Amino acid sequence: MATEVTLPELGEEVEDVTISRWLVKEGQQVSAGDPLLEIATDKVDTEVPAPASGTLLSIRFGEGEIVDFDAVIAVIGGAEEEIAPAPAVSSTADDGSDRSDSEFTSGETTVSLPGDEQDAQSREVRATPVARRVAAEEGIVLSSVPGRDGEQLTKGDVEAYLEELRSAGSPDQESHTEEAVEYQDDAASLDSSFVSLEIRRLAATYDIDLREAAGGRPLGTLTRQKLLEYAREHKGLTHLTAAPVDRVSAEDSGHRGRQGVGSTATQAGGGSGEPRERGETLVPHSRMRQIIARNMVQSAFTAPHVTTVHSVDMGSVTGHYQAQKAAFAQQGVRLTLTAYIVAAVVEGLRKVPAANAEWTEEGLKIKHFYNIGMAVALPADATGVGGLIVPVIHDAGDMNLMGIARQVADLATRARENKLRPADTQGGTFTLTNYGTSGSLFQTPVILQPQVAILGTGVIEKRPVVVSTGKPYEASVEDYLAFRPMMDLALSYDHRVLDGASADAFCGAVKRELESWPDSP
């Protein structure tokens, strides 16, 4: 009996899923548990294992397509087994309840038009989400696209039909566009479903109101070029260009979240958009860089950021580290200074619970568990820029130093090897970023929403420090200089939640924990 392949549980925080790469082709044998395909979410890239052994009979979504969470993406069965085509989705609810004539539910493939106009144009049209999006952007009614004996329409079918219209110079294309606009105006709820993920991310990055950019037309008619033209004209973003570029292969710049390098642009620039000077290179944004840009812009416009900086004497920690790292290694655990900082952060959160919280309009949602995210820098590409991912140490408050060190080493290794699971990046309540590993003294990190604070730690370096045996503000002949391993903490916090006193109280608790580290692990 054939086995349907669906997406694994990815968690509530995942917004969309894209097929990155199929590792097995149709007709090939696969064993249960073997990697079948790679998927990309807005959190992490991961592999989907085969749920059963057999032959991959059918692949229902191509690489680059956005997939519904409950979609059947492939079928595995016997080599001679026949499979039924993908089932049509009814326009009525499963519970029999009525829907309005113009109702559209995201993820379904049936669209109904109002009143007596339900003719051939309003018949059930089975199509992939990407095919619906492309049709909407090009102003094509799906019912006009030639079908394939009941099989669902794909992006390729819509593009082939569009190419036929263009090559024939058909005057019908304009009428199709007007028809689609009138149709979409009658079903305004279609708009948000027809806006591509790329368009939504561009709008979020540059703070653009999609309805203003659409100028009264359905949102589905917005294209990347139109949105960038609007940004240049109305937002003053004259540096943006919609010019086509030569992209590297998908294998180099796609599923692993790395940036690919485009070829050097000529002065003409090609196509629409602004020309590029000779000697310039346009590098297409990787999916990871687009996600980082979206999240950082969203955070900057969501929370009023303030940063407070404290210096910490790391002598106790470094002494303990040197004394204990061999013993930890004997138990198979690589001890790092990050583990000490995570443990100190937990103590700081216990002292100031508001730092382990989430702002809501109803009130402050304080978390009574400590899931500490740690930013991990990924290797740089040809442009010198790498990615950034934040795996989470869940329930760090229940662990001793040994447990935290084990989690730090495991998550960092799997992050750099691209082997994190979706659950490994979800549920964080506070984030730590250790930019000191690259030599930085301190930075002003951006909060990872919906958290209310993020702690940055700088490089540990020896500095001359005045050691006072009396009152700190009075001169004394007993004062002396010592060269101590110092580190700067930089806490960026949401000023809606924390103020200077509470933020400093948190940093003070972290500082005391690090400067008085106990003698035993």
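Here is a short conversation about strands and a surface patch in a predicted model.

Visitor: Happy to be here! What should I know about the model's numbering and thresholds?
Guide: Residues are numbered from 1 along each chain as its sequence is written, and side-chain values use heavy atoms, leaving out hydrogens and water. The model is predicted, so to speak with care: local features need pLDDT of at least 70, side-chain atom pairs count only at pLDDT 80 or more, and totals for chains, interfaces and linings use all residues.

Visitor: How many residues of strand β2 are buried?
Guide: Strands are DSSP runs of E, at least two residues, numbered from the N terminus. Buried means under 20% relative accessible area, exposed over 50% and partly exposed in between (1.4 Å probe, protein chains only). Strand β2 covers residues 17-22 and is largely enclosed by the rest of the structure, because the buried residues number 5 of the 6.

Visitor: Which residue in β4 stands opposite arginine 21?
Guide: Two strands pair if DSSP finds at least two bridges between them. β2 and β4 (residues 35-41) pair in the antiparallel sense over 5 bridges. Opposite arginine 21 in β4 stands glutamate 38.

Visitor: And in β7, what is the bridge partner of threonine 18?
Guide: β2 also pairs with β7 (residues 66-67), antiparallel over 2 bridges. The bridge partner of threonine 18 there is isoleucine 66.

Visitor: Which strands stand at the edges of the open sheet of 4 strands?
Guide: The order is β1-β8-β6-β3, with antiparallel pairing. Each edge strand has a single partner strand, so one side is left without a neighbour in the sheet; the edges are β1 (3-6) and β3 (29-30).
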